[in-house]
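Trainee: I would like to learn how to read the features of a structure like this one. Could you take me through it step by step?

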Amino acid sequence: MSGAATNNDDTDEIATVNFKVTESFLDEIDDTWQGRGFNSRSEFIRYTLRDAIEFPTFDRDELVALLEAEEDIREGQTTSAEEARERFGTSDE
């Protein structure tokens, strides 16, 4: 993924950053970067952080709601369009 490469500008020094995550979260990170074709965990994390800075579209509450919705989908707890229209009193016309 060439877009995820660090900026090789000679004036910008590389810094090492350490942070802690749970083993289960690290497993998810590893599954994600490998599944998306990144060359390394570091490349994926740099890309993800750069993307979050350049395109800060979600605040924390929106992200939590999105993750909860994804969990509902995985567990089969979804609502059909027809059920939603009935619940909210709208029609598809």
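Mentor: Gladly! Let us begin with one side chain: Phe44 has a relative accessibility of 11%, so Phe44 counts as buried. Keep in mind that we are looking at a predicted model.

Trainee: What cut-off does buried rest on?

Mentor: Buried means under 20% relative accessible area. Phe38 has a value of 8%, so Phe38 is buried too. Across the chain of 93 residues, 9% count as buried.

Trainee: How do I describe a contact between two aromatic rings, and how many aromatic pairs does a search of the whole structure find?

Mentor: In general, a pair of aromatic rings is described by the distance of the centres and the angle of the planes. Here, a search of the whole structure finds two aromatic pairs. One of them joins Phe38 and Phe44, with 5.2 Å centre to centre and 75° between the planes, an edge-to-face pair. Ring pairs also bring in Tyr47, giving a cluster of Phe38, Phe44 and Tyr47.

Trainee: And the secondary structure? Which pattern does the chain follow along the sequence?

Mentor: The pattern is α-α-α-α, made of four helices and zero strands.

Trainee: Now the charges. How many salt bridges are counted, and which residue does Asp30 meet in one?

Mentor: The idea is to look for a side-chain nitrogen of Lys or Arg within 4 Å of a carboxyl oxygen of Asp or Glu. That gives a count of two salt bridges. In one of them, the side chain of Asp30 meets that of Arg41 at 2.8 Å, N to O. This pair links distant parts of the chain, with Asp30 in helix α1 and Arg41 in helix α2 (residues 41-54), 11 residues apart.

Trainee: Are the two partners buried or exposed?

Mentor: Take each in turn. Asp30 has 15% relative accessibility, so Asp30 counts as buried. Arg41 has 35%, so Arg41 counts as partly exposed.

Trainee: Which residue forms a salt bridge with Glu71, and where do the two lie?

Mentor: The partner is Arg74, and the closest N and O atoms are 2.7 Å apart. Both Glu71 and Arg74 belong to helix α3 (residues 60-74), with their positions three residues apart in numbering, about one turn of the helix. Arg74 counts as exposed because its relative accessibility is 61%, while Glu71, at 33%, counts as partly exposed.

Trainee: Let us finish on the surface. Which residues gather in a patch of negative charge?

Mentor: Glu23, Asp27, Glu28 and Asp31 do, on the surface. One of these, Glu28, is found in helix α1 (residues 23-35).

Trainee: What makes the nonpolar surface patch?

Mentor: Val17, Phe19, Val21 and Phe25 make that patch, with an area of about 390 Å². Phe25 lies in helix α1.

Trainee: Why can Phe25 belong to a surface patch?

Mentor: A patch residue needs over 30% relative accessible area. Phe25 has 41% relative accessibility, so Phe25 passes that cut-off and counts as partly exposed.

Conventions
Residues numbered from 1 in each chain as written. Predicted model: local features only at pLDDT ≥ 70, side-chain atom pairs only at ≥ 80, totals over all residues. Heavy atoms only, no water. Patch = residues over 30% accessible without salt bridge, like charges linked within 9 Å, V, L, I, M, F, W, Y side chains within 5 Å. Areas by Shrake-Rupley, 256 points an atom, 1.4 Å probe, with all protein chains shown as cover. Lys, Arg positive; Asp, Glu negative; His and termini not counted. Charge placed at Lys NZ, Arg CZ, Asp CG, Glu CD. Buried < 20%, exposed > 50% of the residue type's maximum accessible area, 1.4 Å probe, protein only. Phe/Tyr/Trp six-rings, centres within 6.5 Å; stacked < 30°, edge-to-face > 60°.
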